[in-house]
Amino acid sequence: MALPVAEWQGRTARLWATLDPALRERLAAASLHDAVRLGCDLLRTEEEEEAALVRLCHRAPTHKEPEAASWYREQGNREFKRGQYQAALRLYSKAVSHEPPGSPEVSVCFANRSAALLHLGHFEVCLEDIARAESHGYPDRLLPKVLLRKAECLLCLGRLQDAQDILRVLESKMALDRVMSTQLTRLKKLSQLKVKLGEKERCPEPAQEARGGTGGKSETWEENNSISGASSSLSLSFDTERGRHLVASQDIVPGQSLLKEEAFVSVLCPGESLPLQDGEAAWDTRATNADLYCHRCLRQLLASVPCQGCSYAKYCSQDCADVAWQQYHRTECSLGALLLTLGVFCHVALRTVLLAGFAEVSRLVGWSHSGDKDLQNPEARCKPLSEAPDAGAGTRGIPGCDSSGRYQSSYQALFHLLPHTEQHSPEHKFLCTLSVVAICKQLQAAGLEASVLNQESPQQWSKPKTCEKTSDELSPELKAVAEAMLRHVLQLQCNAQAITVMQELGSGDGAVVDKKPVRLATAFFPVLSLLNHSCCPNTSVSFSGTAATVRASQPIPRGQEVLHCYGPHRCRMRVAERQQLLQQYFFECRCRACLEELESGVRSVVSIRNSFCCPKCQAQMQGEEDTLCCSNEACATSASRENLSCRLQDLQQQIKKALDLLRVGKDDQAIKMLLKCQMDAGNFLSPEHLLMGEMEDHLAQVYATLGKWQEAARHLKKSIEIVEMHHGPSSVEMGHELFKLAQILFNGFAVPEALSTIQRAEGILSVHFGPQNAQIQELQEMKACLSELPRNILQKT
């Protein structure tokens, strides 16, 4: 959730309504500096609000809970016995995160998790968990079991000598223990391992060569002298209508990389979880983003390394955990519940000032006081730029550029992003002000001020913080921090960038993997923020961890602006819906798509293709009012828009039930229900409606699960036709659909068609994601495999 929880929003709204009108007027017109000062005064007198916030934080606990650790471990053991090793792995990780550091139980959690990793074939990671179990004091009486597991891993990795050394240690330990009957099964397994070991030593397997051709071609890149991370094919420009923006300084071709930027700051979006009720002692077993991705680098987690101080932060490695601790988590650790309660935007704002460092924050906040009006309208003090596309000297007048005229991905550039202070509603500014002040008050109360101001020595970093009784009045330094944070929270409404990842739907263990983009984190990208919006953009943005890459999705001639879609796309919604969503950015979109729909009066592609059809003759229904009429004059049937919308909702519920049946393995019932839904939909939805395509896609998934590849391909091709109508033949959506079709044709040995589909999918996806993309590499592997088939098989197919 970007903003604070609904209860805190409600409380601040009620408090705003009860304020004296004169005070409301002062707050509405206040500068950021004055807003923080007034917010501090209010929270100091409104003790009830602070108490309410404390109660809300109890619903999102992030401290270590040994009881939770024990419960999660038991649930993990249950899943392990059922052979559900992936589920067991995640539950053991939850248990590890709740165990206090140094407790004997944490070693057992690591050992249990190593067993799940072994069964899943993750041998290297299994060895890491075994090492963690040993370093945390794993009980000596249980050590033979873990050593046997270690030997298995080493054997599977081909590290024969290391495996042999472990086996000798294991034999001696068993001898010392005077082998009892309970260890006989272990000895039997040990002897089997020895046989395998001997066979491997006699017939060593050849070392596997690195797979060739899957890495893709390296991309050529010439960096811009004036814009960090940007290609030399771009230039930074300014005008009063568009503000700062990027323009092509040369002709650009589709797929060309234009910008590569590491996020200045990013915060993982925690994902949905069941809120705990007051007094409830139950724990959620579902895996959310917080369990699945590293809280620093956003890599997908396999066996997480927990924070030593809280149960929330999890990392992909000890290195990531250590860097996060040094840069910001030593300050954030004890504030976890408060940050989850106040939302991701507040969390991003805090982490931004921690990464920037107090000296830089204080310098820019102080500078803003001397030129506050200029900061609200930085374009007013910009010097006119030369019209020459490579006029680097002209960039010196653009806010965010350094003294040499270079625009860098820096805190200075981030600070100069517009906060639109005067355009946010007074109620929203009030909510943001009270939220950042509450965080700074908690920093002071918890004795973390020195950490925020970078006044702590490294020796103090690992020491646990204790709450200290301090004055209710914020120090001048923390007020400066609060002011910067308020600025960043307001900036995020227009400049937050969602980092997305393609996430598998379902278990992901089928022959055809279906994926969808999911918001993973919220970030500040100062250079990426230079791109203006268009509902028909000429770029595509992809992410790898915390790094963004912008590529041209269509030809961009020299002199044309480089444009990015902020969310509302002409293929996904009508112009009225797009304009309403774009209001949060405080501009009226005048892109080509919007002007065409607004000025010509032509109905959007979305409204035409997602329309209802006549229940009698299947012609398109038309009309803007509640009563729709058949476009076929000879028919003249009318129908209520509300009734048709209700039918659509019922149909979507039936499709959901069919998918639930598919998830529990009831394939035949799922097919019957989807076919019935398809028949019902044909009576009132246009043939090009996106939902018609989705049903074809679901049917393809079911038939693929059953191994009926021809039937699966037939349905998926119909889905692809509809996707192409809506999104275009070279869209990223088409790329994903063709990837699925390639998987189906590959599994069905439809070799010539599979090869042509692979080529088409590869061409589209490489434009949007580049040659290193995982889907492209998988396509290349499929192509290589099909190409290596014997010629007689290729001829038969």
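## Strands, burial and salt bridges

Tutor: Let us begin with one pair of residues: Val541 has Val550 of strand S11 as the residue standing opposite. The model is a predicted one, in which local features need pLDDT of at least 70 and side-chain atom pairs count only at pLDDT 80 or more, while totals for chains, interfaces and linings use all residues. Residues are numbered from 1 along each chain as its sequence is written, and side-chain values use heavy atoms, with hydrogens and water left out.

Student: What makes S10 and S11 a pair of strands?

Tutor: Strands here are DSSP runs of E with at least two residues, just as helices are runs of H or I with at least four, both numbered from the N terminus, and two strands pair if DSSP finds at least two bridges between them. Strand S10 (residues 539-544) has six bridges with S11, in the antiparallel sense, so the requirement of at least two is met. In the hairpin that they form, two residues lie between the strands, and Gly545 takes a positive phi near 65°.

Student: Which strand is joined to S11 by five bridges?

Tutor: That is strand S3 (residues 257-262), which runs antiparallel to S11; in S11, Ala547 stands opposite Glu262.

Student: Why is S11 called largely enclosed?

Tutor: A residue is buried under 20% relative accessible area, exposed over 50% and partly exposed in between, with a 1.4 Å probe and protein chains only. Of the six residues of S11 (residues 547-552), five are buried, and therefore the strand is described as largely enclosed by the rest of the structure. Over the protein, 50% of the 797 residues count as buried.

Student: How do you know that Val36 is buried?

Tutor: Its relative accessibility is 1%, so Val36 counts as buried because the limit is under 20%. Val36 lies in helix H3 (residues 32-45), and if residues up to four places away in sequence are not counted, its contacts (heavy atoms within 4.5 Å) are Thr433, Val437, Lys479, Ala482, Glu483 and Leu486. The C-alpha atoms of Val36 and Cys432 are 9.9 Å apart, although 396 residues separate the two along the chain.

Student: What makes a set of residues a nonpolar core, and how many residues has the largest?

Tutor: The set must consist of buried Ala, Val, Leu, Ile, Met, Phe, Trp, Tyr and Cys residues joined through side-chain atoms within 4.5 Å. By that rule the largest has 118 residues, and Leu350, Tyr411, Ile439 and Met485 have the most contacts inside it. At least three of its residues come from each of domain 1 (221-263 + 525-572) and domain 2 (265-273 + 285-371 + 407-416 + 429-452 + 474-522), the bounds being those of an automatic or database domain assignment. A second core, separate from this one, has 56 residues, including Val702, Leu738, Met782 and Leu789.

Student: Which residues does Ile439 contact, leaving aside neighbours within four places in sequence?

Tutor: Ile439 is in contact with Leu338, Leu339, Leu342, Cys346, Leu350 and Met485. In soluble globular proteins, nonpolar side chains tend to be buried together.

Student: Why is the contact between Lys676 and Asp680 called a salt bridge?

Tutor: The term requires a side-chain nitrogen of Lys or Arg within 4 Å of a carboxyl oxygen of Asp or Glu. The closest N and O atoms of Lys676 and Asp680 are 3.2 Å apart, so the pair qualifies. Because they are four residues apart in helix H26 (residues 667-681), about one helical turn separates them. Lys676, at 54%, is exposed, whereas Asp680, at 29%, is partly exposed.

Student: Where do Arg132 and Asp129 lie, and are they buried or exposed?

Tutor: Arg132 and Asp129 are three residues apart in helix H8 (residues 123-135), which means about one helical turn between them, and both are buried. Their closest N and O atoms are 2.7 Å apart in a salt bridge, and a network of salt bridges links Arg113, Glu128, Asp129 and Arg132.

Student: What makes Arg242 partly exposed?

Tutor: Its relative accessibility is 38%, so Arg242 counts as partly exposed, a value that falls between the 20% and 50% limits. Arg242 also forms a salt bridge with Asp239, at 2.7 Å from N to O, and the count of salt bridges by this rule comes to 33.
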